[in-house]
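Q: I would like to learn how to read a ligand site and a pocket in a model. Where should I begin?

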Amino acid sequence: MVLSLVEHDSGAVDDNSLEALTLARSVADDAGEALEAIAFGPEAEGVADDVGAHGVEVLNVVDHSDLDDYTPEAYARAVIQCAEETGTEAVVAPGTDRGSEILAHVAAKLDETMAAEVTDVEVGDTYELTRQRWGGTLIEHAELDADTNLLTVAPNEISTSGTGDGPADVSAFTPDLEDSDLRVRLTEVEESDVEGVPLAEARVVVSGGRGTDGDFSEIEDLADHLPNTAVGSSRAAVNEGWRPHDDQIGQTGNKIAPEIYIACGISGAVQHMVGCKGAENILAVNTDPEAAIIQKADWAVTGDLHEVLPAVSDELERR
Ligand code: FAD
């Protein structure tokens, strides 16, 4: 059996979990195994339709009052016990903060190894993996030879595909926790004060770099004129204190996959581009026709962003 960890927001499956399910299904098919899923939280049953449509036969819903809130070590204990009960040969998790943290705890508790940022698996006597290193600047081929193969899936790298099957069968699973599993417990949640469309969900991202010279008003104005649009930035702009780190795109920031990424006054350093390579289209606005981002963009405007952006916003306002 292959077990896939599913994250969700009130019963709506997170996109990276659908990517993990897609990879888990191909592992299960190659290995001739069934695919099951495990989900936590009060509304976990709500994912049964979505995971069933991605080939999951059984959804294990963790039923334990101590696990309604995120508790990484205890979640890992539940994953281990569920995997043992169902005879799992591989556990696949999305390469999100939580997915990576839970699977790292699973690996530590089992004294197993874990392969992170996987994009492809060929199952034979061992698992032949393709995976990303250094935020995707390096692709690595590796062999994994473990009793339980633990994999996280690189976010925004796999096209999700459904099977069209009906809902998964829901099975309640109650783990037997140890005191040490609850050493870290949630006491309070503070919402981030970031307003507007979240970067991960935006269809368009307008981003600014050092070329803005600290003035993001034209970038914000353009974002306001476009539907479902968020503002991002390069690390240079964050380092200058012009934008919060929450806005940063790149290797040490957000990895985004909008329909259009509009990069203004950004040179296109490799560490920046790994954060936006999931974008369907890139539009660059830069005064330097030789800037690296011009070569990587689908469209480019050579010009001063302080002139180009107001002209575009004015035109959008006029229509
Ligand atoms: P610059 O490279 O200085 O480019 C500014 C651009 O603006 C130039 O191309 C210039 O021609 C153009 N310009 C200037 N004036 C105008 C104008 N008026 N109108 C239009 N264009 C103009 N960077 C990230 O962004 N994200 C990361 O996550 C990240 N992680 C990193 C991790 C590591 C380990 C390291 C070493 C670096 C990382 N960096 C990251 C930094 C990265 O290498 C670059 O230094 C950074 O992306 C540069 O930011 P920038 O393009 O805004 O600035």
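A: Begin with the polar contact, which is a pair of N or O atoms within 3.5 Å. The model here is predicted. In it, a side-chain N or O atom of S267 is 2.6 Å from an oxygen atom of the ligand.

Q: Which other side chains have a polar atom 2.8 Å from a ligand oxygen?

A: R210 has a side-chain N or O atom 2.8 Å from an oxygen atom of the ligand, and H272 has a polar side-chain atom at 2.8 Å from a ligand oxygen. The protein covers 73% of the 990 Å² of accessible area that the ligand has on its own.

Q: How many residues are around the ligand, and of what class?

A: A residue is counted if one of its heavy atoms lies within 4 Å of the ligand. There are 26 around the ligand, and R210, S234, T252, S267 and N286 come nearest. The shell has 16 polar, 6 nonpolar and 4 charged residues. Helix 6, helix 7, strand 15 (281-286) and helix 9 (305-318) each give at least two residues to the shell.

Q: What lines the second largest pocket?

A: This pocket has a volume of about 230 Å³. It is lined by 18 residues, of which S234, R235, A236, A269 and H272 are the closest to its centre. Helix 6 (235-239) and helix 7 (270-276) each supply at least two lining residues, and the largest share, 3 residues, comes from helix 6. By class the lining has 12 polar, 4 nonpolar and 2 charged residues.

Notes
Residues numbered from 1 in each chain as written. Predicted model: local features only at pLDDT ≥ 70, side-chain atom pairs only at ≥ 80, totals over all residues. Heavy atoms only, no water. 1 Å grid on protein atoms, 1.4 Å probe; cavity = no way out; pocket = protein on both sides within 12 Å on 5 of 7 lines; lining within 4 Å. Points joined across faces, edges and corners; volume = space filled by probe spheres on them. Helix = DSSP H or I, 4+ residues; strand = E, 2+ residues; numbered from the N terminus. Nonpolar A, V, L, I, M, F, W, Y, C, P; charged D, E, K, R; others polar. Polar contact = N/O pair within 3.5 Å; in protein donor to acceptor, adjacent residues only side chain to side chain. Areas by Shrake-Rupley, 256 points an atom, 1.4 Å probe, with all protein chains shown as cover.
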